[in-house]
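New to this one? Here's a quick briefing to read with the structure open beside you.

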Amino acid sequence: MVKRFVAIKYAEELCLSGMASIKMEPGASVQYTVTQPSTPEKKRIMQSIWTILLALAFPFLAACGGGGDSKASCNYTRCDNFESHPYAVYRPAKLDSHRSLLVLLHGAGQGQDAAEAMWQGRSFADANGYVLAIPQGTDKLWNYTSDIEWMLHFVDFMQQEEGPFDAVYLAGWSNGSMLSQQVACNTNGKITGVVSFAGERFENAPCAPAYPIAISLIHGTADSIVSFSGGSFGTQGALAAFDFWRSQNACAADTEISAPFLLERATTTSTRGIACRAPVELTVSQGGQHTPNWNITGLHSMLRDFFDRAAAARTQ
């Protein structure tokens, strides 16, 4: 009920801005038409609205959104708060010599434990010697404006408290996926690579990272929540985002496509940019939905391979 009230408040702000007309139906369905923003302020409102509508349109996520925001129920090495955001840290018994940090970003209406359950982050950390951090957005939502700066501050904080780290990676789903690409556009070398699953990129958002950043996009073609083809509120689909990041990282014109493999227990292929300043790849799951049905072994193997290539590019 609280999330619905907040969503309606932001929807009213969007309508008052003249950018959209929104009609909310019983069962949390949303009908809207949107015009392109004409000012930076309207762009800010658009991005805030998209954050909130994710939670409104996907109420079922709240039921999945495990806790992880209470020290009393901490299932990690430690749980605490940083600048009003809860977070959890898991340190495996043995750390990799390269000292890497993996930050998981949850979807709208979810929380730390739900992100852990989806990515099996502790298992990955144990197998690969990474430190794992799982922060949580306000009301289990990520804001595409204010949380960009917060995330960069959080990485600095992790470097001081748990590091130093030679490499830092973000992996996000849905709401967290979209934030991860926004952070990638604004990083000043603090982030080595980003894995963005089932999230679009804001087409007109400023993007000027100080250093090349590795990008791995993952999307299912049958995603009915965040469309594979994009277009909602001025966002790019997976193919357009892949082309954008190839251009950003000065990749050659050609690409290479992997042999089919099982990532989501469906036919999956990865397309990689060639001769990029940092790796860029798009993994497409044919018939894949918004919520993944991971082959965890395949996922973790894919993550480690991508992270290794991202780290190697940074040292060149």
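Averaged over the whole protein, the pLDDT of this predicted model comes to 81, and 77% of the residues reach 70 or more. Two stretches fall below 50, namely residues 1-38 and residues 54-70. Past the confidence scores, there are two cavities of 30 Å³ or more to look at, plus an exposed alanine, A127.

**Where the confidence drops**

- Residues 1-38 keep a pLDDT under 50 throughout, and the model gives them 64 contacts beyond four places in sequence.
- Residues 54-70 are also below 50 in pLDDT, and this stretch has 44 contacts in the model beyond near neighbours in sequence.

**The largest cavity**

- How much space lies in the largest cavity? It's about 40 Å³.
- Its lining is made up of Q181, S196, G199, L217, I218, H219, A238 and A241.
- Two elements give two or more residues to that lining: strand 10, covering 214-220, and helix 8, covering 238-248.
- Which element gives the most to the lining of the largest cavity? That's strand 10, with three residues.
- Sorted by class, the lining splits into four nonpolar and four polar residues, with no charged ones.

**The second largest cavity**

- This one has a volume of about 30 Å³.
- Around it you'll find L102, L104, W119, G121, F124, A171 and L303.
- Here the elements giving two or more residues to the lining are strand 5 (100-105) and helix 5 (121-128).
- What classes of residue are in this lining? Six are nonpolar, one is polar and none is charged.

**A127, on helix 5**

- Helix 5, which helps line the second largest cavity, is also the place to look for A127.
- Is A127 buried or exposed? It counts as exposed because its relative accessibility is 63%, and the cut-off for exposed is over 50%.
- A127 and P92 sit 35 residues apart in sequence, and their C-alpha atoms are 8.6 Å apart in space.

**To keep in mind while you look around**

- For the cavities, strand 10 and helix 8 are good places to start with the largest one, and strand 5 and helix 5 with the second largest.
- Neither lining has any charged residues: there are none in the largest cavity and none in the second largest.

Notes
Residues numbered from 1 in each chain as written. Predicted model: local features only at pLDDT ≥ 70, side-chain atom pairs only at ≥ 80, totals over all residues. Heavy atoms only, no water. 1 Å grid on protein atoms, 1.4 Å probe; cavity = no way out; pocket = protein on both sides within 12 Å on 5 of 7 lines; lining within 4 Å. Points joined across faces, edges and corners; volume = space filled by probe spheres on them. Helix = DSSP H or I, 4+ residues; strand = E, 2+ residues; numbered from the N terminus. Nonpolar A, V, L, I, M, F, W, Y, C, P; charged D, E, K, R; others polar. Buried < 20%, exposed > 50% of the residue type's maximum accessible area, 1.4 Å probe, protein only. pLDDT = per-residue confidence, 0-100. Contact = heavy atoms within 4.5 Å.
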